[in-house]
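Reader: Could you take me through one part of this model up close? I'd like the annotated active site, plus any odd backbone spots worth a look.

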Amino acid sequence: MRAIIQDLKSAVARANATNIRAAFAADPDRFERFSASFGDLLMDYSKTAVNEEILLLLERLAEVGGVAKKREEMFSGVPINFTEGRAVLHTALRNRSNTPVLVEGKDVMPDVNAVLAAMGAFADGIRSGALKGATGKPITDVVNIGIGGSDLGPVMAALALAPYHDGPRAHFVSNVDGAHIADTLKLLDAETTLFIVASKTFTTIETMTNAASARAFIADKLGEAAVKHHFAAVSTALDKVAAFGIESGRIFGFWDWVGGRYSIWSAIGLPLMIAIGPDNFGKFLDGAHAMDKHFRTAPARQNLPMLLGLIGYYHRNVLGYPSRAILPYDQRLLRFPAYLQQLDMESNGKGVTIDGTPVEGNSGPVVWGEPGTNGQHAFYQLIHQGTSIIPAEFMIAANGFEPHLRHQHELLIANCLAQSEALMKGRTLDEAKEQLTSKSMDEAKADFIAPHRVFTGNRPSITFVYDKLTPFALGRLIALYEHRVFVEGVLFRINSFDQWGVELGKELATGLLPVVQGKESVAGHDSSTQGLVTALAGLKA
Ligand SMILES: O=P(O)(O)OC[C@H]1O[C@H](O)[C@H](O)[C@@H](O)[C@@H]1O
């Protein structure tokens, strides 16, 4: 791999490949050459610094890096998450073909289908009003209590699919900061509220603490006996859920081969299913399954996750770009960048390879972003003229859900396309001067002002275009990014499916709680921690 990376660097230098503007000027067919589609989903990567030779080298990199082999291992239940001894089978959760998927010789599909059916029956019961609160009133509000993978997926997807909401309102409480649950409960009536406690491990301190507060809210307002009518739970740790006091018919399980950040397809999707209905949830799974089949079978040059992963790797480890911006021109994808932050950074933010040696070069980039057009008026300045190159990933639907606001959607599209064009083309000093002097500005003043108006251009971006943000399209989009993270992880030679880096902070927090409570001395901690504890204690009301 080292040799191919070297070849890639030479190929970039030889062709001056990062001059994307020149590449467009030289080749009128560049878009045709460097775009690919899957159904109505188009991926335009022509505005990145690729050429034929670079793509061939990247394809070689995928071959030598063993991406296809690892992909088969993932889909067929090999425990590729070796630090936790687990298979990685979120794809089985949306395996709509229902072909057997074996984990340690056992087909998991009957269990997957059974949980899906139980979720559907429960969701229908809540949605229809057949399942009521303790006082006989139908449920109008559902609060999901979870964090990380037990929050970000449902919260992101519920917002994304708002036009499909025809069930109770969905709320999400994640932060251990009491402000989160307090502000949420303020809006709610205990009699008509259902809480879903969502935690893979059912030990996460934030979720357990918020669940206890929610339990107290129901018990205070409606009495202890009411609690069982107002709670459901989702977890892999069924014994722990039972100990919390949730009735068995309201517990929805999943399995240790589903990573938290890949769990939206499991019972963790229950709040989404209640909001949009089991049929639409099924279409969401269909979209992901379609992408799975595409990823597994399409040749590299037509394979969207493969291309996205290869270009992502190229940006990070050949061109050295430190971050990537996720810029959906879709207000309902507001939380998609945050969702991808966990998916990507928790998966590929690793420093050790599968052999236990330090990663050579870089692993995953910083992922961040906001929907357009809002970001344009905030941080795009840096993307256009800052000193770091930040590859951007745009996404835009051809159609919105508001036919009467078509003119607004057209403005949205125009803005999205303008940004990628501006990033690529830029504006030269001569062009800037010409613009100024044509506005009858005198030459001397133009000379002074023009440098600030120069855009270097050649700033890479990928644009995704799709018909409409339907449940199918959202499922497909999420699965696309899951598989891109997979491809990059294989090339970084890391285990993308563990998250040991979150452990140390959790352990230290547990140790610091009695110190913060004043029950233990702060002695033994570093002087900064000591100083902060003392300062907070001094300010305590
Ligand atoms: O679902 P839970 O077990 O409560 O875990 C919630 C989250 O917490 C952890 O710290 C992990 O970093 C996440 O990957 C996980 O999604």
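Author: A quick bit of vocabulary before we start: helices (H or I, at least four residues) and strands (E, at least two) are DSSP runs, numbered from the N terminus. With that, T373 can be placed in the loop between β11 (366-369) and α16 (380-385). This is a predicted model, and in it a cis peptide bond joins G372 and T373, with omega at about 10°. That's worth flagging, because most peptide bonds are trans.

Now for the active site. UniProt, in an unreviewed entry, lists E346, H377 and K506 under "active site". These residues spread over 161 residues of sequence, and they are spread in space too, with up to 36.7 Å between C-alpha atoms.

Take E346, which sits in helix α15 (residues 336-348). E346 counts as buried because it has 22 C-beta neighbours inside 10 Å, and 20 or more is the cut-off for that. Setting aside neighbours within four places in sequence, E346 is in contact with R261 and Q499. K506 belongs to helix α21 (residues 503-516). With 11 other C-beta atoms within 10 Å, K506 is exposed.

As for other backbone spots, two non-glycine residues have a positive phi: N98, near 65°, and S440, near 60°. Most residues other than glycine have a negative phi. N98 is in the loop between α6 (90-93) and β3 (102-103), while S440 is in the loop between α18 (429-438) and α19 (443-449). N98 is exposed, with 11 other C-beta atoms within 10 Å; S440 is exposed as well, with 6.

Definitions and conventions:
Residues numbered from 1 in each chain as written. Predicted model: local features only at pLDDT ≥ 70, side-chain atom pairs only at ≥ 80, totals over all residues. UniProt positions renumbered as here; feature names shortened; annotations may be inferred. Buried ≥ 20, exposed ≤ 12 C-beta atoms within 10 Å, placed from the backbone. Contact = placed C-beta atoms within 7 Å.
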